[in-house]
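In these notebook entries I record what I looked up about aromatic rings and their neighbours. The structure is shown first.

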Amino acid sequence: MSMKRILSGKEVFFSLAGMALFVWFMASGGFDSKSQENQLVTPEEVIKAKDIKNIADAQRFIVGTWVYSQPITDDSLLEWMRWEIKPDGVLIEQTASPRDNQWGAKEIQHYEVFTDKYSDSGDRFYGIRVKGTALSGAIRSDGRLFVKIARTPYSGSFVRGDKSLN
């Protein structure tokens with residue numbers, strides 16, 4: 001003998017609202033920290049950093065949105081940075097102070113992908129150089145982009161993905 005319980009209007013409302021919220025959450029990316037509208041390449045197209053063997057691989061890896069938003073210290077980059085790297089050599093840069101509520105104006109830059117060897121180990125690495133600036137970055141094996149301002153102690157580690165400043 002089973003007992004059936006009739007749900008109240010409130011219980012039905014919250015059950016439906018919960019299901020709708022779950023469906024919306026999963027449709028908008030679920031637990032993925034990358035917003036789908038800011039993702040410039042599909043996950044299948046992204047090569048892993050450790051699998052980069054040539055300039056073409058590095059070019060495929062670097063395309064997308066990258067953000068530096070670590071605490072500002074004496075030897076870090078001087079402000080937060082957001083790079084949207086396009087496959088055609090265009091880099092859209094935005095900067096912000098940690099206390100800002102939004103990224104600053106978009107500045108169009110151009111970049112090139114390059115390869116070199118570390119002076120201490122001789123290991124080959126691939127990177128990005130922002131043309132007409134002192135900024136360059138090395139692709140690290142952990143998938144981060146280590147960016148440095150030439151001839152200064154200022155550097156920072158960019159991560160793939162976007163960040164809202166609200």
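The entries below concern ring pairs and the charges placed over rings.

**Entry 1: ring pairs.** I noted at the start that this is a predicted model. I then looked up how many aromatic pairs the structure holds. The structure holds 5 of them.

**Entry 2: Trp-83 and Phe-158.** I examined one pair, in which the ring centres lie 4.6 Å apart. The planes meet at 40 degrees, and a pair counts as stacked under 30 degrees and as edge-to-face over 60. I therefore recorded the pair of Trp-83 and Phe-158 as tilted. This pair joins distant parts of the chain: Trp-83 belongs to strand β2 (residues 80-85) and Phe-158 to strand β8 (residues 155-160), with their positions 75 residues apart. I also looked up the accessibility of each residue. Trp-83 has a relative accessible area of 0%, so I recorded Trp-83 as buried. Phe-158 likewise has a value of 0% and is buried.

**Entry 3: Phe-114 and Phe-125.** I found that Phe-114 and Phe-125 form an edge-to-face pair, at 5.9 Å centre to centre and 85 degrees between the planes. Phe-114 lies in strand β4 (residues 107-117) and Phe-125 in strand β5 (residues 124-130), 11 residues apart. I noted that Phe-114 and Phe-125 are both buried.

**Entry 4: a cluster.** Which residues do ring pairs link into a cluster? I listed Tyr-68, Trp-83 and Phe-158.

**Entry 5: charges over rings.** I found the charged end of Arg-129 over the ring of Phe-114, 4.0 Å from the ring centre. I also recorded that the charged end of Arg-160 sits over the ring of Phe-61, at 4.9 Å from its centre.

Technical notes. Residues are numbered from 1 along each chain as its sequence is written. This is a predicted model: local features need pLDDT of at least 70, side-chain atom pairs count only at pLDDT 80 or more; totals for chains, interfaces and linings use all residues. Side-chain values use heavy atoms; hydrogens and water are left out. Rings of Phe, Tyr and Trp (its six-membered ring) pair if their centres lie within 6.5 Å; planes under 30 degrees apart count as stacked, over 60 as edge-to-face and the rest as tilted. Helices (H or I, at least four residues) and strands (E, at least two) are DSSP runs, numbered from the N terminus. Buried means under 20% relative accessible area, exposed over 50%, partly exposed in between (1.4 Å probe, protein chains only). A charge sits over a ring if NZ of Lys or CZ of Arg is within 6 Å of the ring centre and within 35 degrees of the ring normal.
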